[in-house]
Amino acid sequence: MKLLAVAAAVLLSLVAAEPAPPPAAADVAAAPVASAANAEGQEVPLPEYLTSETFEAAIASRLSLVEFFSPYCHHCTAFAPTWEATYREFREEMERLGIQMRQVDCVSQGDLCVQQDINGYPSIRLYGPDPETKQGRNFGQFPRTIEKTSENIKTFMRDSYAEFNDGALTISSASRKLSNEELANIIAGEPAFPKADDDNTPPDSWLVSFWPASEAQWEGKDGHPEFGQKCMDCNDYKVMWDRVSGQIQSYYKTAHVMCDDHKELCDSLDLKFEGRYENPEIVVFLPKQVGKVRWDYKGHLGSKSLKDWAMRLWESSRYEKITYGGLPDVMRHEFELPPGPVPYSPPLKNQVSVIYYFDGDKQSPEDETIMSYALEAVMKSPFNVYLYKSKHIKLETAMVQQSDALPKFINAIPGQDRKYKYDRALHVASTFTSKPTFLIFKDDSLMFDVFPAFAPEDVRDPVKVGQWIQQHQFPLHDELTNDNRRTYFNRSDDTNSKVVLTVVDLNDHDHMSKALYNMSAAAHEYHLNRQQYWFGEVESQRAKKHDKVDKLIDQGADHGAVVKAMMEEVPHYFDRDEAVFAYVDVNKLDNLSKKLKFDLTNYKVGDTLVVSRNQKQVWNTDGDGNALSSDPLRVRDVLLSLLDPSLVSPEVSAKVKVSSVASRGSSNSPYVAFAAFGVVAVAVYGYLRVRRGRRRQTTGMGILGNFEKKD
């Protein structure tokens, strides 16, 4: 029987990452331990595989990332080089932090893998010592929905180490079981429990997890849950959920619902869990005063991403009132920027603050209804976007101060060959609006955005407000990742906007300080030039309009013709031709290139490229015809030549050309060839099915598209 179990495990590991229970330890010999080369090219053997005899002592000694694998599993074989490279690159840092990476061969250690409830290969778990029992404890798995790249694994380990040191990994669960009546109250945005008549505190916010399981499975035996095959990863997700529920209990009440026992309730929430394999669903229920009660979490089922999302929603849904003096308390709001690089200190929050700006004396309840729609737009962003409100008139002073500091910062760029000064007329034109409206401020930036509200109905339009927040959600600069690439790039973009990408080394802090300064300098200078350009265009069109009216009057035209000419609209284009800046870690170029329509693999640290947001065009040479670097003046000239060639010298504009037209149809892409083969195969299969069917029939049965500001 054991030999049959071995055969079954090996067979399943060949065809899928979802094996049956592994065989016992004695039946199959362990695979040899691999090795990896260090920076000097010397062979560095990986640690010995853990066994049933060494496992408990190892995970009780320090924070441990453990890979459970089968040597016969295709997924494990494909992942092995990544694991080995991560160990090689991270080894010295692991020794310094006192953490480790270990492995378990589930063919030779089948009993151990059954004991640890390993249901798929490879499975990566985080273990560590429990401060109370001093024994090893499961702290959860590496999120299955996050790609297992070397950089992602190292980031997961660093984040886990920080949480472990803070005690956040070992906080007890605060999740509770609720009655149907209490759940119904939460879903309606009402208090879950009865309140005293004199209790004026708002209802609690609830973070609730819904599981494709029963209460009996949740409770299990001897405190160990026993989830069925339908929720094969629920043991790991419960560990994650217990940890998160304890960490956020100062902000949310948390509860868990077993949908096998509450099918009617879960069905009413469209949580039906009808697939073969299902994961828990997580939902926030806010008080009805917020305007929208239910918020579904759609991100990775990992503790950090869930907690970050929940905390951003909690803070933004409070609609906190802030003042001019309070801006630096909620973000890195600057009234001037240093004239050079500042030390790089990760992680960067890169916060974007959306502020509902209103006149306290004229505010109506109808105006306030837009807040919940603005909150929806804010929470759709993959960036650190937060929502506030303010009636403090000094916010207008803050914008004037930033507009005044902007040219001074740009003039201090080393080698600057242009001179700028504050233009009050430009400031007024670019900030002209009525109240209530929305303002956006960004960390470490002198640039801000003002929603164009020229009538009360403008700021009450959820579509317009949502589209405007979507267009201006980008931080001054941020890392381009698989999670936000669809936000940076938009196939339907018609605003002629660009994404400026710089290749960086996140591990080199001196380099990062210079790279971030260069991006900031280029972003600020192009922003001012673009505003000046479109302001000039608006002024020119206004002058033509006035000349036309004067000419009609001089010609004695009838009153109707004159009025018609006066009513002609002069559009404002301050939202066109924008440029957003991002950086790409040199260690992630290969992985990102698989997801984009242009190739990043041949770029090196310091290289910069300008990409149209629809990914149809790429520019990577400067005004001298050389490879474009992050030099802010070089980047400025490229962007200005794309805005209008007359803004730079003829020599520069002649050399700034499209270096490639991005396309997935390029013949040098193996993915394109594979996709083309797939299309042909499907077409042939469909054709044969149709022919087969015909034979049987004859022989047998007989809220950001751009919208324009207008005068």
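This passage describes the nonpolar cores, one partly exposed asparagine and one capped helix of a predicted model. Because the model is predicted, local features need pLDDT of at least 70 and side-chain atom pairs count only at pLDDT 80 or more, whereas totals for chains, interfaces and linings use all residues. Residues are numbered from 1 along each chain as its sequence is written, and side-chain values use heavy atoms, with hydrogens and water left out.

The largest nonpolar core (buried Ala, Val, Leu, Ile, Met, Phe, Trp, Tyr and Cys residues joined through side-chain atoms within 4.5 Å) has 68 residues, and those with the most contacts inside this core are F438 and L501. Its largest share, seven residues, is contributed by helix 13, residues 370-380 (helices are DSSP runs of H or I, at least four residues, numbered from the N terminus). A second, separate core of 29 residues includes Y344, M512, A515 and L516. Beyond its neighbours within four places in sequence, F438 is in contact (heavy atoms within 4.5 Å) with residues including I370, A374, V450, F451 and W468.

N152 is found in helix 5, residues 150-166, and is partly exposed, with a relative accessible area of 24%, where buried means under 20%, exposed over 50% and partly exposed in between, for a 1.4 Å probe and protein chains only. Although N152 and K588 are 436 residues apart along the chain, their C-alpha atoms are separated by 9.6 Å.

In helix 15, residues 424-431, the buried residues include L426, H427 and A429. The N-terminal end of this helix is capped by D423, a side-chain oxygen of which lies 3.0 Å from the backbone nitrogen of A425.

Note on methods
Helices (H or I, at least four residues) and strands (E, at least two) are DSSP runs, numbered from the N terminus. A polar contact is a pair of N or O atoms within 3.5 Å; within protein, one must be able to donate a hydrogen and the other to accept it, and residues adjacent in sequence count only if both atoms are side-chain atoms.
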